[in-house]
Amino acid sequence: MVNTTVGNAKAVTELLNGTLSSLSNVVPVAHEIKQPNLLKQDLHLQYGVLIGITGDVKGKLVLSGNTSIFSAIGEVMFGMPLEGEMLSSFSGELGNMIAGGMSTNIVEKDLHTDITSPTIIEGTMTLSGHKRALQVTVMFEKVGEMDLYLLLD
């Protein structure tokens, strides 16, 4: 269990690195990862997927972007544009694959986590109540940008 300030900083770094590595392995689209930012306010979003993180590090992973970003990634991965229920299902599974890969990646760093089932976010939503929040923008070539958030409890 992580319980020191240095240990917490290391755990957050490993969690972020594990998540970004997983994203690179899961999504077959060339991309650029922007510098992480520490958020100092509540998170406001329109569409995305939320995965809970439990274990040594507790919090949430949120992938947020326009539906067109998720649909375009789905099209690259499955050869057809996705919409409606198929888009929601794919978005949840994309979050699940990235969070599952993150959880697997950080075991090598002696951090143990588990993930919850994905929750799809549609419509105006505000997420609050986290102690710390990191935001990373990922620019997907010819697709657009997606924001990745780590909300830490």
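**Overall form and buried elements of the predicted chain**

The chain exposes about 7900 Å², of which carbon and sulfur atoms supply 51%. These values, like those that follow, refer to a predicted model. Of the 153 residues of the chain, 46% count as buried, and the C-alpha trace spans about 45 × 30 × 30 Å along its principal axes. The radius of gyration of the chain is 15 Å, in agreement with the value near 15 Å that a compact globule of 153 residues would have.

The chain contains three helices and eight strands, which follow one another along the sequence in the pattern α-β-β-β-β-α-α-β-β-β-β. Among contacts between residues at least 6 apart in sequence, 69% join residues at least 24 apart. With regard to charge, the chain carries 9 positive and 16 negative charges, and the mean positions of these two sets lie 11 Å apart.

Helix H1, which comprises residues 5-26, includes Thr19. Thr19 counts as buried because its relative accessibility is 0%, a value that falls under the 20% limit for a buried residue. When residues up to four places away in sequence are not counted, Thr19 touches Leu61, Ile98, Met102, Leu148 and Leu150.

Helix H2 is formed by residues 67-78, and its 12 residues, at 1.5 Å a residue, should span 16 Å; the C-alpha atoms at the ends of H2 are indeed 16 Å apart, so the expected and modelled spans agree. Within H2, Ile69, Phe70, Ser71, Ala72, Ile73 and Gly74 are buried. The cover over the buried residues of H2 includes strands E3 (43-55) and E4 (59-64), helix H3 (84-107), and strands E7 (132-140) and E8 (144-152). Just after H2, Gly79 adopts a positive phi of about 80°.

A further buried position is found outside the helices and strands, in the loop between H3 and strand E5 (113-115), where Leu111 is placed. Leu111 is classed as buried because its relative accessible area is 6%, whereas the limit for this class is under 20%. The C-alpha atoms of Leu111 and Arg132, two residues that stand 21 residues apart along the chain, are separated by 19 Å.

Definitions and conventions. Residues numbered from 1 in each chain as written. Predicted model: local features only at pLDDT ≥ 70, side-chain atom pairs only at ≥ 80, totals over all residues. Heavy atoms only, no water. Helix = DSSP H or I, 4+ residues; strand = E, 2+ residues; numbered from the N terminus. Expected span 1.5 Å × (residues − 1). Buried < 20%, exposed > 50% of the residue type's maximum accessible area, 1.4 Å probe, protein only. Contact = heavy atoms within 4.5 Å. Rg over C-alpha atoms; globule rule 2.2 N^0.38 Å. Areas by Shrake-Rupley, 256 points an atom, 1.4 Å probe, with all protein chains shown as cover. Lys, Arg positive; Asp, Glu negative; His and termini not counted. Charge placed at Lys NZ, Arg CZ, Asp CG, Glu CD.
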